[in-house]
Amino acid sequence: GRVGSMQLGPKNRLATFGEVHPRVLKAMDVEGPIVAFEINLDAIPLPKSSKTSRPALNASDLQAVSRDFAFIVDDNVAAEQIVRAARGADKSLISSVSVFDVFAGEAIGEGRKSVAVDVILQPREKTLTDEDIEAVSQKIVAAVEKATGGQLRNSG
């Protein structure tokens, strides 16, 4: 009475599992409860392709570095343009770029907005020095300025 199955579609039963009936336990002179399962290996389909859908995880044991940038751009510039440009500045070092703030107001100017992004740098070979971080930061600023016509917002 306590049984389940795992199926691939309505007819392809891959496995059955459940609790062994008390009469069977008594006949085997075993105290229960006991569970059992059966796997039908022939019912498991072969992979459709030898290629994996994702590349293998390329993890690094080096500390990631996060840097924030705010760019002033025209209202018609999509935040995605900034994200793509920043990500493309150094694909081997930049692991992610995400928007965390969009602001428009008198301080920015009519028809303009400020878009702030967080950039995560993930080194693979060596710990990043201040000079390395500054060089990548300059690449990011240059790439976003070229792609969007925007400029880096001064923090003051």
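Trainee: What makes Asp-29 count as exposed?

Mentor: Its relative accessibility in this predicted model is 73%. The cut-off for exposed is over 50%, so Asp-29 counts as exposed.

Trainee: Where does Asp-29 lie?

Mentor: Asp-29 sits in the loop that joins helix H1 (22-27) to strand S3 (35-39).

Trainee: What is the phi of Asp-29?

Mentor: The phi of Asp-29 is positive, about 55°, although Asp-29 is not a glycine. Most residues other than glycine have a negative phi.

Trainee: Is Gly-4 buried or exposed, and how do you know?

Mentor: Gly-4 has a relative accessible area of 19%. Buried means under 20%, so Gly-4 is buried. The residue belongs to strand S1 (residues 3-8). Leaving out residues up to four places away in sequence, Gly-4 touches Ala-15, Thr-16 and Phe-17.

Trainee: Ser-5 also lies in strand S1. Why is Ser-5 called partly exposed?

Mentor: The relative accessibility of Ser-5 is 33%. Buried would need a value under 20% and exposed one over 50%; 33% meets neither condition, so Ser-5 counts as partly exposed.

Trainee: Which residues does Ser-5 touch, not counting residues up to four places away in sequence?

Mentor: Ser-5 touches Arg-13, Ala-15, Thr-16 and Phe-17. As for Ile-39, 34 residues apart from Ser-5 along the chain, the two C-alpha atoms are separated by 9.7 Å.

Trainee: What class does the relative accessible area of Lys-113 give?

Mentor: The value for Lys-113 is 14%. With the cut-off at under 20%, Lys-113 is therefore buried. Its place is in strand S6 (residues 112-121).

Trainee: Which residues does Lys-113 touch, not counting residues up to four places away in sequence?

Mentor: Lys-113 touches Phe-71, Ile-72, Val-73, Asp-74, Asp-75, Val-77, Val-102, Phe-103, Ala-104 and Ile-108. For Val-102, 11 residues apart from Lys-113 along the chain, the C-alpha separation is 6.9 Å.

Trainee: Turning to helix packing, at what angle do H2 and H3 pack?

Mentor: Helix H2 (residues 79-88) and helix H3 (residues 130-148) pack at about 140°, and their axes are 8 Å apart. Roughly antiparallel requires over 145 degrees, and roughly perpendicular covers 65 to 115. An angle of about 140° fits neither class, which makes H2 oblique to H3. The crossing of H2 past H3 is right-handed.

Trainee: Which residues make the contact?

Mentor: H2 contributes Gln-81, Ile-82, Ala-85 and Ala-86, and H3 contributes Ile-140, Ala-143, Val-144, Ala-147 and Thr-148. By class, 7 of the contact residues are nonpolar, 2 are polar and none is charged.

Trainee: What is the order of helices and strands along the whole chain?

Mentor: The pattern is β-β-α-β-β-α-β-β-α-β, with 3 helices and 7 strands.

Trainee: How do you know whether the chain is spread out or a compact globule?

Mentor: The radius of gyration is 28 Å, whereas the globule rule gives 15 Å for 156 residues. The value for the chain is well over that of the rule, so the chain is more spread out than a compact globule. Taken along the principal axes, the C-alpha atoms fill a box of roughly 85 × 40 × 35 Å. Gly-4 and Phe-100, 96 residues apart along the chain, have C-alpha atoms separated by 46 Å.

Trainee: What percentage of the 156 residues count as buried?

Mentor: The buried share is 28%. Among contacts between residues at least 6 apart in sequence, 61% join residues at least 24 apart.

Definitions and conventions:
Residues numbered from 1 in each chain as written. Predicted model: local features only at pLDDT ≥ 70, side-chain atom pairs only at ≥ 80, totals over all residues. Heavy atoms only, no water. Axes fitted to C-alpha atoms, helices over the stretch in contact; angles between N-to-C directions. Helix = DSSP H or I, 4+ residues; strand = E, 2+ residues; numbered from the N terminus. Parallel < 35°, antiparallel > 145°, perpendicular 65-115°, else oblique. Left-handed = near helix turned anticlockwise from the far one by under 90°. Contact = heavy atoms within 4.5 Å. Nonpolar A, V, L, I, M, F, W, Y, C, P; charged D, E, K, R; others polar. Rg over C-alpha atoms; globule rule 2.2 N^0.38 Å. Buried < 20%, exposed > 50% of the residue type's maximum accessible area, 1.4 Å probe, protein only.
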